Amino acid sequence: MQLVVARIGRAHGIKGEVTVEVRTDEPELRLGPGAVLATDPAATGPLTIETGRVHSGRLLLRFEGVRDRTGAEALRNTLLIADVDPAELPEDPEEFYDHQLMDLDVVLADGTEVGRITEISHLPSQDLFIVERPDGSEVMIPFVEEIVTEIDLDEQRAVISPPPGLIDESQAVVASARDDEADGAGAADSAGEAPKGDA
């Protein structure tokens, strides 16, 4: 299985180094010297990492055969892709590869369906789940333990405890209000249950 592990940024200095946007939790394993990576676009690669170092909080890489700033600039925005065994798991049991998380069902603690993970966005500050709701809309959920309380790969689900306002529940409130008008007091009970996801 092929996974994107980094995106090449701008050139650094004049000796062929480039900054990279890391998209793996294991850069020392995936982006170490000697690693051979496929690329997107494919014609740019494969690229072999010659050296790597951290400078001002950013990872800098130099690839074999790239010796000057012009060569480094030509690689800008190239995606670096590693071959990963689908059965391979991260060493830390609290970490997951993107392919393990894709298509997981996202539910609240009480089992209420929120949607399905369709994309994982790796930002400098945190990772985000892009979740497609049953109505086709999307919601972004930060992948932090305060919000994502459980990842159950056996059950293929992610359990979340979202803070107020993270998930747009206006549709549920509107529906409850309509039910209240139509059914009288009976719907008030269901409306009272709506905020459970905020707990």
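# Exercises on a predicted model

In this structure, D127 touches S121, H122, I141, P142 and F143, with residues up to four places away in sequence not counted. The model is a predicted one, and the exercises below walk through several of its parts.

## Exercise 1: placing D127

Task: Find the element that holds D127, and decide whether D127 is buried or exposed.

Solution. Start with the element: D127 sits in strand β9, which covers residues 127-132. Next, take the accessibility, where buried means under 20% relative accessible area. D127 has a relative accessible area of 19%, so this residue counts as buried. Finally, add the surroundings: contacts of D127 include H122 and F143.

## Exercise 2: following the barrel

Task: Work out in which order the six strands close into a barrel, and describe how β5 pairs with β2 and with β4.

Solution. Let's go around step by step.

- The order is β1-β2-β5-β4-β3-β6, and the pairing is antiparallel.
- From one strand to the next, the twist averages 50°.
- Strand β1, residues 2-12, runs antiparallel to β2 and is joined to it by five bridges. Across this pair, R7 stands opposite E21 of β2.
- β2 and β5 are paired over three bridges in the antiparallel sense. Here V18 has L61 of β5 as its bridge partner.
- β4 and β5 are also antiparallel, with six bridges between them. One position to look up is V54, which stands opposite L59 in β5.

A general point helps here: strands of a sheet pair through backbone hydrogen bonds, in either a parallel or an antiparallel way.

Now turn to how enclosed β5 is. Five of its six residues are buried, so β5 is largely enclosed by the rest of the structure.

## Exercise 3: a look at V20

Task: Which strand holds V20, and which residues does V20 touch?

Solution. First, locate V20 in strand β2, residues 17-22. Second, check the accessibility: V20 is at 2% relative accessibility and therefore counts as buried. Third, list the contacts, leaving out residues up to four places away in sequence: A6, R7, I8, G9, R58, L59 and L61. For one further distance, take L80, which is 60 residues from V20 along the chain; the C-alpha atoms of the two are separated by 9.4 Å.

## Exercise 4: a buried arginine

Task: R62 is buried; find the nearest side chain of opposite charge, and the backbone oxygen that the side chain of R62 reaches.

Solution. Begin with the position: R62 belongs to strand β5. Then consider charge. The nearest side chain of opposite charge is E17, at 4.3 Å, and R62 has no salt bridge. The cut-off explains the result, because a salt bridge needs a side-chain nitrogen of Lys or Arg within 4 Å of a carboxyl oxygen of Asp or Glu. Next, follow the side chain of R62 to the backbone oxygen of K15, which it reaches at 3.0 Å. To complete the picture, contacts of R62 beyond four places in sequence include K15, G16, E17, T48 and R67.

## Exercise 5: backbone details in the loops

Task: Which peptide bonds, ending at P41 and P46, are cis, and which loops hold S56 and Q156?

Solution. Take the prolines to begin with. The bond from D40 to P41 is cis, with omega near 10°. G45 and P46 are likewise joined by a cis peptide bond, where omega is about 0°. P41 is in the loop between β3 (36-40) and β4 (47-55), and P46 lies in the loop between β3 and β4.

Now the two residues with positive phi. S56 is not a glycine, yet its phi is positive, at about 55°. S56 lies in the loop between β4 and β5, in a hairpin with two residues between the strands. At 69% relative accessibility, S56 counts as exposed.

Q156, which is not a glycine either, has a positive phi of about 55°. Q156 is in the loop between β11 (148-152) and β12 (157-160). With 36% relative accessibility, Q156 counts as partly exposed.

## Exercise 6: P163

Task: Where does P163 lie, and how far is its C-alpha atom from that of E146?

Solution. P163 is in the loop between β12 and α4 (170-183). P163 has a relative accessible area of 36% and is partly exposed. E146 is 17 residues away along the chain, and the C-alpha atoms of P163 and E146 are separated by 9.2 Å.

Note on methods:
Residues are numbered from 1 along each chain as its sequence is written. This is a predicted model: local features need pLDDT of at least 70, side-chain atom pairs count only at pLDDT 80 or more; totals for chains, interfaces and linings use all residues. Side-chain values use heavy atoms; hydrogens and water are left out. Helices (H or I, at least four residues) and strands (E, at least two) are DSSP runs, numbered from the N terminus. Buried means under 20% relative accessible area, exposed over 50%, partly exposed in between (1.4 Å probe, protein chains only). Contact means heavy atoms within 4.5 Å. Lys and Arg count as positive and Asp and Glu as negative; His and the chain ends are not counted. A polar contact is a pair of N or O atoms within 3.5 Å; within protein, one must be able to donate a hydrogen and the other to accept it, and residues adjacent in sequence count only if both atoms are side-chain atoms. Two strands pair if DSSP finds at least two bridges between them. Axes are lines fitted to C-alpha atoms, for helices over the stretch in contact, and angles run from 0 to 180 degrees between N-to-C directions.
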